Amino acid sequence: MSLRISGNRQIKTLPGLATRPTPSRVREALFNIWQGTIANCRWLDICTGSGSMGAEALCRQAASVTGIEQSAKACAIIRENWEKIADSSQTFQILRGNATAKLAALAGQQFDRIYFDPPYASDLYEPVLNTIASQEMLAPDGEIAIEHSPERSAQAISGLEICRQKVYGNTALTFYTPIRFG
């Protein structure tokens with residue numbers, strides 16, 4: 001199966017819904033919201049799934065893209081897609097495994113934009129956000145976008161504040177920024 005991204009490029013995806021791709025209108029809306037902030041940014045894609053969000057970030061000249069995905073099959077396809085899209089000035093890596101454990105392995109790194117899209121019924125939301133906040137993985141001017149069901153309420157996370165929420169049919173996005181003191 002394939003999916004179209006920025007510049008009418010096609011990327012491969014796994015068949016079925018195991019790696020539910022972010023709907024195209026939600027991808028477009030997110031990149032419109034973050035317009036002007038992707039070029040040269042450090043992008044983290046948690047629960048990477050099809051890899052479409054990281055691929056879009058690469059198309060829009062992110063300096064580096066890191067993905068975390070549980071599925072070995074998905075990781076292989078994501079790596080193949082990102083190799084085709086990235087140019088020589090960009091770096092990327094895809095880490096296979098549990099999101100919380102792999103985040104711990106990235107401790108000490110900061111990201112400008114983080115996209116987090118776990119299975120909607122997952123219990124990953126709070127531990128992943130707490131790890132990002134406690135490890136200060138979000139750059140001071142960075143932002144996180146969390147994809148979730150509109151029925152799920154956004155969570156208060158120590159060190160992060162909600163800056164906006166958007167609903168697109170069956171998909172909601174909640175955006176967090178670091179709490180600034182002083």
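# Fold, cores and side-chain pairs in a predicted model

The protein has 5 helices and 9 strands. The model is predicted. Read from the N terminus, the elements follow the order β-β-α-β-α-β-α-β-α-β-α-β-β-β. Of the 182 residues in the protein, 51% are buried. When contacts are restricted to residues at least 6 apart in sequence, 64% of them join residues at least 24 apart. The accessible surface amounts to about 8700 Å², and carbon and sulfur atoms account for 48% of that surface.

The interior can be taken next. In soluble globular proteins, nonpolar side chains tend to be buried together. The largest nonpolar core here has 27 residues, and the members that touch the most others are Leu 30, Ile 38, Trp 43 and Tyr 115. H1, H2, H3 and S9 are the elements that contribute two or more residues to this core. A second core, separate from it, holds 24 residues, among them Leu 44, Leu 103, Phe 116 and Leu 129.

Tyr 115 gives a view of the surroundings within the largest core. With neighbours within four places in sequence set aside, the contacts of Tyr 115 include Thr 22, Val 26 and Leu 30. Trp 43, Leu 44, Asp 45 and Ile 46 are also in contact with Tyr 115. Further along the chain, Tyr 115 meets Met 53, Ala 145, Glu 147 and Leu 173. Two of these partners, Leu 30 and Trp 43, are themselves listed with Tyr 115 as the core members that touch the most others. Leu 44, another partner of Tyr 115, is instead a member of the second core.

The aromatic side chains can be followed from Trp 34. This residue lies in the loop between H1 and S3. Its relative accessibility is 1%, so Trp 34 counts as buried, the cut-off being under 20%. Leaving out residues up to four places away in sequence, Trp 34 touches Trp 43, Arg 113, Ile 114, Glu 143, Ile 144, Ala 145, Arg 164 and Phe 175. Trp 34 and Glu 143 are 109 residues apart along the chain, and their C-alpha atoms are separated by 9.1 Å.

Which rings pair with Trp 34, and in what geometry? A pair of aromatic rings is described by the distance of the centres and the angle of the planes. The whole structure contains 5 aromatic pairs. In one of them, the ring centres of Trp 34 and Trp 43 are 5.6 Å apart and the planes stand at 85 degrees, so this pair is edge-to-face. Trp 34 and Trp 43 are both buried. Trp 34 also forms an edge-to-face pair with Phe 175, with 5.9 Å from centre to centre and 80 degrees between the planes. Because Trp 34 is in the loop between H1 and strand S3 (42-46) while Phe 175 is in strand S9 (residues 171-178), this pair ties together parts 141 residues apart in sequence. Phe 175, like Trp 34, is buried. Together with Phe 31, the residues Trp 34, Trp 43 and Phe 175 form one aromatic cluster.

Two arginines lie over rings of this cluster. Arg 113 is over the face of Trp 34, 5.2 Å from the ring centre. Arg 164 is over the face of Phe 175, 5.0 Å from the ring centre. Both Arg 113 and Arg 164 also appear among the residues that Trp 34 touches.

The salt bridges complete the picture, and their count is 5. One of them joins the side chains of Arg 27 and Glu 56, at 3.5 Å from N to O. This pair links distant parts of the chain, with Arg 27 in helix H1 (residues 24-33) and Glu 56 in helix H2 (residues 52-59), 29 residues apart. Arg 27 and Glu 56 are both buried. Glu 56 also forms a salt bridge with Arg 60, at 3.3 Å from N to O. The two ends of that bridge differ in exposure, because Glu 56 is buried with a relative accessible area of 4%, whereas Arg 60 is partly exposed at 32% relative accessibility.

A further salt bridge joins the side chains of Glu 80 and Lys 84, at 3.6 Å from N to O. Because Glu 80 and Lys 84 are 4 residues apart in helix H3 (residues 72-85), about one helical turn separates them. Glu 80 is partly exposed, with a relative accessible area of 27%, and Lys 84 is exposed at 59% relative accessibility. Through shared partners, salt bridges join Arg 27, Glu 56 and Arg 60 into one network.

Terms used: Residues are numbered from 1 along each chain as its sequence is written. This is a predicted model: local features need pLDDT of at least 70, side-chain atom pairs count only at pLDDT 80 or more; totals for chains, interfaces and linings use all residues. Side-chain values use heavy atoms; hydrogens and water are left out. A salt bridge is a side-chain nitrogen of Lys or Arg within 4 Å of a carboxyl oxygen of Asp or Glu. Buried means under 20% relative accessible area, exposed over 50%, partly exposed in between (1.4 Å probe, protein chains only). Contact means heavy atoms within 4.5 Å. Accessible areas come from the Shrake-Rupley method with a 1.4 Å probe; for residues, only the protein chains shown count as cover. Rings of Phe, Tyr and Trp (its six-membered ring) pair if their centres lie within 6.5 Å; planes under 30 degrees apart count as stacked, over 60 as edge-to-face and the rest as tilted. A charge sits over a ring if NZ of Lys or CZ of Arg is within 6 Å of the ring centre and within 35 degrees of the ring normal. A nonpolar core is a set of buried Ala, Val, Leu, Ile, Met, Phe, Trp, Tyr and Cys residues joined through side-chain atoms within 4.5 Å.
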